[in-house]
Amino acid sequence: MVQEKKLVDEVSGWLRVYDDGSIDRTWTGPPEVKFLAESVPPHEQFIEGVATRDVTVDSNSGLRVRIYLPDQIPTTNTNLPIILHFHGGGFCVTQPDWYMYYHIYTRLARSVPAICVSVYLRLAPENRLPAACDDGYAALLWLRSLAKGESNEPWLNDHADFNRVFLIGDSSGGNIVHEVAARGGNLGLSPLRLAGAIPVHPGFVWAERSKSELEQPESPFLTLDMVDKFLALSLPLGCTKDHPITCPMGPTALLINGLDLPPFLLCVAEKDLMKDTEMEYYEAMKKANKDVELLISPGMGHSFYLNKIAVDMDPNTAAQTTRLIEGIKEFINKN
């Protein structure tokens, strides 16, 4: 008789953990939003101005990236900046090929224009932190190997400006932006230049709840249950949310004033549960005399721009998404 496996933990709609250690990430939330979590196949022909391809960057580890190439390829000697993207999902769910990212990062690649390189990060709990940060950093080192001529990827080698590489990350991907920027600054990346970093609604928290966590409304992309359970599944065993990856402004993290960081654009949503801790990070960066700008989206919740339904149906969400993209474009174009 085969013993039926038992459910031991669940993050509503997103993930189920069983007693045999297996993980089920089948979407079980509202069916009308399931399309946001569906994979978009790569297409090397241009569709709405962007072509995509998936590339294995390390055959040993299996690390892969998705590349978004806009069709506005300069005819002069000026190449396109690179945006290295780290997806969100509390370190536990989502993939770069999901429609929620496809719809916004094709738009960003077109708008800037830039070549976007999105990393297929290893997920927890199978791969606890710092695994996702290691993958993000490995992708940056792969870009450096292209810049040095040690590797070749035609879309990037033919069209990219390795002197203008920007990091961007949604939610937990914003945490990876800080971590990868800090590692890159400490090592040195020549001939690649890290020109800027853009954490968008990063998952910065303390072990103790902040005022905004207690008072701000929960959203489809972030509830307190999601914060607690995703981080319990992803942080190293025995660690609290005061860990340096989730609390880079905390006492256990490297002092920010000792880090060699590029210019930062911190993007914050006014109604985000994590707004207060994101603003603490901003103040810590300012106190350390780092080059940091702030872009606040009034009236918006966590990762609002990824919700294609709201972007299409609600004029205010649409307007704030456009404002966010324009702010990111402006930051990239001046750095």
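How many aromatic pairs does a search of the whole structure find? The search finds 9 of them, and a few make good stops on this tour. Keep in mind as you go that this is a predicted model.

**Stop 1: two tryptophans**

Select W14 and W98 and show their side chains. Their ring centres are 6.4 Å apart and their planes meet at 10°, so this pair is stacked, as planes under 30 degrees apart count as stacked. Now colour by position along the chain: W14 sits in the loop between β1 (7-11) and β2 (15-18), while W98 belongs to the loop between β6 (80-86) and α1 (99-111), and 84 residues separate the two. Turn on a surface, and remember that both W14 and W98 are buried.

**Stop 2: two tyrosines and their neighbours**

Next, pick Y68 and Y102. The centres of these rings are also 6.4 Å apart, but here the planes stand at 45°, so the pair is tilted. Y68 is part of strand β5 (residues 63-70) and Y102 part of helix α1, with their positions 34 residues apart. Are these tyrosines buried or exposed? Y68 is buried, at a relative accessible area of 0%, and Y102 counts as buried too, at 12%. Add F35 and Y99 to your selection, and you will have a cluster of F35, Y68, Y99 and Y102 linked by ring pairs.

**Stop 3: charges over rings**

Rings can have charged company as well. Select K5 with Y18: K5 lies over the face of Y18, 4.6 Å from the ring centre. Then try R64 with Y120, where R64 lies over the ring face at 3.9 Å from its centre.

**Stop 4: a buried aspartate**

Keep Y120 on screen and add D135, which you will find in helix α2 (residues 131-147). D135 has a relative accessible area of 7%, so D135 is buried. Leaving aside residues up to four places away in sequence, D135 touches L63, V119, Y120, L121 and R122.

**Stop 5: salt bridges**

Side chains of opposite charge can pair when their charged atoms come close. This structure has 19 salt bridges, and here are some to visit.

Begin with R16 and D24, whose side chains meet at 3.5 Å, N to O. R16 counts as buried at 6% relative accessibility, whereas D24, at 24%, counts as partly exposed.

Move on to R53 and E153, a salt bridge at 2.5 Å, N to O. R53 is in strand β4 (residues 50-58) and E153 in the loop between α2 and α3 (154-159), so the pair ties together parts 100 residues apart in sequence. Both R53 and E153 are buried.

**Stop 6: helix α6**

Finish by selecting helix α6, residues 224-234. Which residues of this helix are buried? They are L224, M226, V227, F230, L231, L233 and S234. These buried residues pack against β1, β2 and α5 (211-215).

Now look at D228, also in helix α6. D228 forms a salt bridge with K241 at 2.9 Å, N to O; K241 lies in the loop between α6 and β10 (264-269), 13 residues away in sequence. K241 counts as buried at 14% relative accessibility, while D228 counts as partly exposed at 30%. To close, add R209 and E213 to the view: salt bridges with shared partners join R209, E213, D228 and K241 into one network.

How values were computed: Residues numbered from 1 in each chain as written. Predicted model: local features only at pLDDT ≥ 70, side-chain atom pairs only at ≥ 80, totals over all residues. Heavy atoms only, no water. Helix = DSSP H or I, 4+ residues; strand = E, 2+ residues; numbered from the N terminus. Buried < 20%, exposed > 50% of the residue type's maximum accessible area, 1.4 Å probe, protein only. Contact = heavy atoms within 4.5 Å. Phe/Tyr/Trp six-rings, centres within 6.5 Å; stacked < 30°, edge-to-face > 60°. Lys NZ or Arg CZ within 6 Å of the ring centre and 35° of its normal. Salt bridge = Lys/Arg side-chain N within 4 Å of Asp/Glu carboxyl O.
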